Amino acid sequence: MACSRERKAAIKKLKNLFFSQKSDVKNFRAKFDSVFSDPLLANNVQRSERLFGGISCDVFSPEIYITRRIIIYIHGGCFVGGSREAYRSFAASLASCASARAVLPEFRLAPTHPYPASLEDVQNVFRAVYSEELIATSLDTDVSCNSDGSKPQIILMADGSGASIALGLVLSLRDKYRSAISKIVLFSPWLDLGADSKKFTAKKNGDELYTAEAMFRAAEMYTFQNNRNLSSVSPLRAEKEQLASFPPVYIQMGEEEFTLEDAEQFERKLLEAGAKCTLDVWPKMPAMFQLADEYFEEAHLAVEKIGRLFTEQKAEKNSARDF
């Protein structure tokens, strides 16, 4: 556990992830990128740039990775901020710990490009990744290298507002595409932006980083109020039948987040629908503590735990490729 001084420094850093009521979009984006960009990537992970579905993306390749396993990371930023630059270090760390390549898209942001622009961009990226991986799998001389011999293993990861977009993507997919998603990993997800959500009327939320009012404002900049009850914006409001064929979900959160109740409800809904969901709550941790690893030992442990979701599975049928 971090000492009082380290915790204050961590909270000061993490506050830059959240668009406040007093924020200006341009300044928020600049500060976000300035605070979280890091030219150093984990464990000799290599970065390249390319287009997927017409969307500019970073691609991270660890020295050793499972050939058919690939992450698509949808970054947060309250729908109005965040970028490839800010998330490169984190995405590279996740790629390394999961022994997978990772794709980090630069999707369009509100308010210039409100809903559904970001969702459409992510859909285009997913379709392109899926098609490319499906072709690569079909060309493999040893079809046993894939767990089912025919489909890629796509892992969706997202944080904050990016979770709304990522889950909106899953809810828009037909079953054959959903079945290619082996797992969904969410960090401090935004799951309900409906104007009638209880969290927007509560007097206090006890969160050190951001307020319900600030979240409400970000939601207003993302889309019209009438859209905010849609499951593609507020996944918590998805119907049971929409969740029945959901891929396994793992949610990592801090104990102090005022959105924790939403995550608990989402876990219950997924389990009731017959899907798998694990909510992993870290005591005394704020939202996105994983991005303050210079202050929180728990940040390193949390990322290592993500890696174990994949490395502790049954012996992989996939071959690892060394570059």
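In the predicted model, Y130 has a relative accessibility of 8% and therefore counts as buried, the limit for this class being under 20%. The aromatic ring of Y130 takes part in a pair with that of Y177, and a search of the whole structure finds 17 aromatic pairs. The ring centres of Y130 and Y177 lie 5.0 Å apart and their planes meet at 70 degrees, so the pair is classed as edge-to-face. Because Y130 belongs to helix α4 and Y177 to helix α6 (residues 175-178), the pair ties together parts that are 47 residues apart in sequence.

Helix α4 spans residues 117-139 and also contains S138. With a relative accessibility of 54%, S138 counts as exposed, because the class begins over 50%. Between the C-alpha atoms of S138 and V45 there is a separation of 27 Å, and these two residues are 93 residues apart along the chain.

Further aromatic residues form a cluster, in which ring pairs link F19, F28, F32, F36, Y73, Y87, F90 and F187. Aromatic rings are also approached by charged side chains. K199 is placed over the face of F200, at 5.0 Å from the ring centre. In a second case, the charged end of R228 is positioned over the ring of F216, 4.5 Å from its centre.

Helix α1, comprising residues 4-14, has R7, A10, I11, K13 and L14 as buried residues. These buried residues cover an arc of only 160 degrees around the axis, which means that they lie on the same side of α1. The exposed residues S4, R5, K8 and K12 are carried by the face of α1 turned away from its buried side. The buried residues of α1 are covered by elements that include α2 (25-36).

The cysteine residues were examined for disulfides, and the count comes to zero. For C97, the closest cysteine sulfur is that of C277, at 19 Å; this is too far for a bond, because a disulfide requires sulfur atoms within 2.5 Å. C97 has a relative accessible area of 18% and so counts as buried. C78 is likewise buried, with a relative accessible area of 3%.

Terms used
Residues numbered from 1 in each chain as written. Predicted model: local features only at pLDDT ≥ 70, side-chain atom pairs only at ≥ 80, totals over all residues. Heavy atoms only, no water. Buried < 20%, exposed > 50% of the residue type's maximum accessible area, 1.4 Å probe, protein only. Helix = DSSP H or I, 4+ residues; strand = E, 2+ residues; numbered from the N terminus. Arc of directions from axis to C-beta. Contact = heavy atoms within 4.5 Å. Phe/Tyr/Trp six-rings, centres within 6.5 Å; stacked < 30°, edge-to-face > 60°. Lys NZ or Arg CZ within 6 Å of the ring centre and 35° of its normal.
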